[in-house]
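Welcome! Please take a look at the molecule below, then work through the exercises at your own pace.

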Amino acid sequence: MSWYDMGPVSTCKLFGAVRAVTGIKNAVPLIHGPRGCAYHIGYLLTARGGRRIAVASTELSESDVVFGASEKLRDRIIEVDRTRKPDIIVIMSSCATSIIGEDIGRVADETSELVDAELITVSAGGFESSQGEGYEEVMMALIHKFCWRMEPSSKPSVNIIGEFRGGADLREVRESLSLMGVDVNCVLTSGCSIRDMTMIPAGHLNCSFCDVSGIAPCRFLEENFGTPFIHHPIPIGFSNSLRFYREVLGYLNLDYPINEEFSAFIEERDRIRAELEGLRVAVVSGPTRAVALTEFITELRMKPVLVSMDMIGDYTLENLRGVPGLRSEILVGVDVSDIEEAIIRTEPELILGGLAETRISEVSGAPLIDVMHGSSLTAGFRGAVNLGARMCGAVYGDHDCY
Ligand code: SF4
């Protein structure tokens with residue numbers, strides 16, 4: 001092990017808060033802190049997501065972080081409102097302003113009459129907790145601000161809570177639900193507008209898509225609006241997707257030929273299975289995706305030899321234990337060196353992970369598929385076919401393996 005192997009595998013609360021905000025339509029994250037927090041988080045999200053992520057900052061100086069800078073924050077809120085014309089500005093503290101106890105709520109209250117945007121504040125000092133809590137606090141703040149009791153929608157409808165990644169997977173889930181006659185009122189936060197958020201209480205069911213941050217908002221919505229929720233692993237894999245859609249249809253009491261739809265994919269699943277059966281696989285991922293991917297691997301009769309998650313939520317281990325025949329090593333929140341050592345020791349022939357696993361993939365010789373940040377389809381039945389084909393391609397080369 002060398003010094004650069006050591007390091008945490010998850011980031012700070014502010015990162016989670018900013019990421020959650022960047023999903024909302026026409027919203028600006030404004031960090032009350034030194035410029036580095038905004039630059040690094042914006043840069044990382046831009047690199048991961050493939051689109052420019054702009055993060056505003058009060059760019060505090062040394063004296064600001066000693067004596068406070070509420071005037072600077074007030075001026076920046078007004079400037080952002082006038083120049084960017086956002087619907088929402090989410091004002092977040094950083095380590096520096098959380099330490100000195102700058103009252104961002106008071107500044108927001110005093111400034112709200114001077115701007116058109118809705119103002120929301122989140123205490124997001126990096127040391128306060130991890131990124132998961134940043135996601136959760138932003139969602140809770142949005143629910144408190146925009147959700148009021150209302151009549152349920154006349155059409156069957158759901159909300160997806162704790163989904164921050166848009167793109168192909170979210171489109172697939174929305175389209176599939178639409179075919180089943182199910183409206184998605186709001187995806188919190190990916191692509192949602194203020195109007196979408198106001199429609200959350202009209203939904204008949206909430207689906208948590210993040211085991212770490214989605215459960216608390218779902219519980220709050222259940223307690224305050226009586227909406228039941230499910231915490232199914234995100235629908236990746238044939239069987240897992242089938243169970244997810246069955247669960248939603250069951251809750252909504254809808255008649256839809258989901259078994260027939262699934263049957264149309266069995267032949268393709270079996271062809272992929274015949275190619276990949278027996279391969280040793282390591283999964284390095286966030287918890288909700290890790291559980292779904294691990295089940296998919298076992299469904300294809302591959303062998304998950306390692307499952308490493310940066311953190312876990314209330315139901316992660318319960319859901320993981322439910323994966324039939326799982327005997328892999330499980331790591332939670334360990335640092336990079338432990339993950340790399342485990343990958344070398346367990347000798348996978350394929351790694352499902354993220355950009356951070358690039359080096360260990362090269363060192364170990366096991367090909368890597370980025371399932372964390374890619375824009376490629378992984379969800380639903382069609383996503384299962386696509387991911388299966390990518391796994392075949394990664395292991396056997398570019399030939400048409402099935
Ligand atoms: S840990 Fe603190 S200083 Fe570093 S990015 Fe997060 S909020 Fe900023």
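**Exercise 1: Two domains meet**

About 1500 Å² is buried between domain 1 and domain 2, and carbon and sulfur atoms give 76% of that area. Buried area here is the accessible area (1.4 Å probe) that two parts lose on being put together, summed over both. This is a predicted model, in which local features need pLDDT of at least 70, side-chain atom pairs count only at pLDDT 80 or more, and totals for chains, interfaces and linings use all residues. Residues are numbered from 1 along each chain as its sequence is written, and side-chain values use heavy atoms, with hydrogens and water left out.

Task: find which residues in domain 1 lose the most area to domain 2.

Solution.
- Start with the bounds: domain 1 covers 11-129 + 136-146 and domain 2 covers 157-231, as given by an automatic or database domain assignment.
- Next, count contacts (heavy atoms within 4.5 Å): 15 residues of domain 1 touch 20 residues of domain 2.
- Finally, M139, I143 and F146 lose the most area, together 39% of what the domain 1 side buries.

**Exercise 2: A pair of rings**

Task: work out how the rings of F238 and F296 are arranged.

Solution.
- Rings of Phe, Tyr and Trp (its six-membered ring) pair if their centres lie within 6.5 Å; planes under 30 degrees apart count as stacked, over 60 as edge-to-face and the rest as tilted.
- The structure holds eight such aromatic pairs.
- For F238 and F296, the centres are 5.9 Å apart and the planes at 65°, so the pair is edge-to-face.
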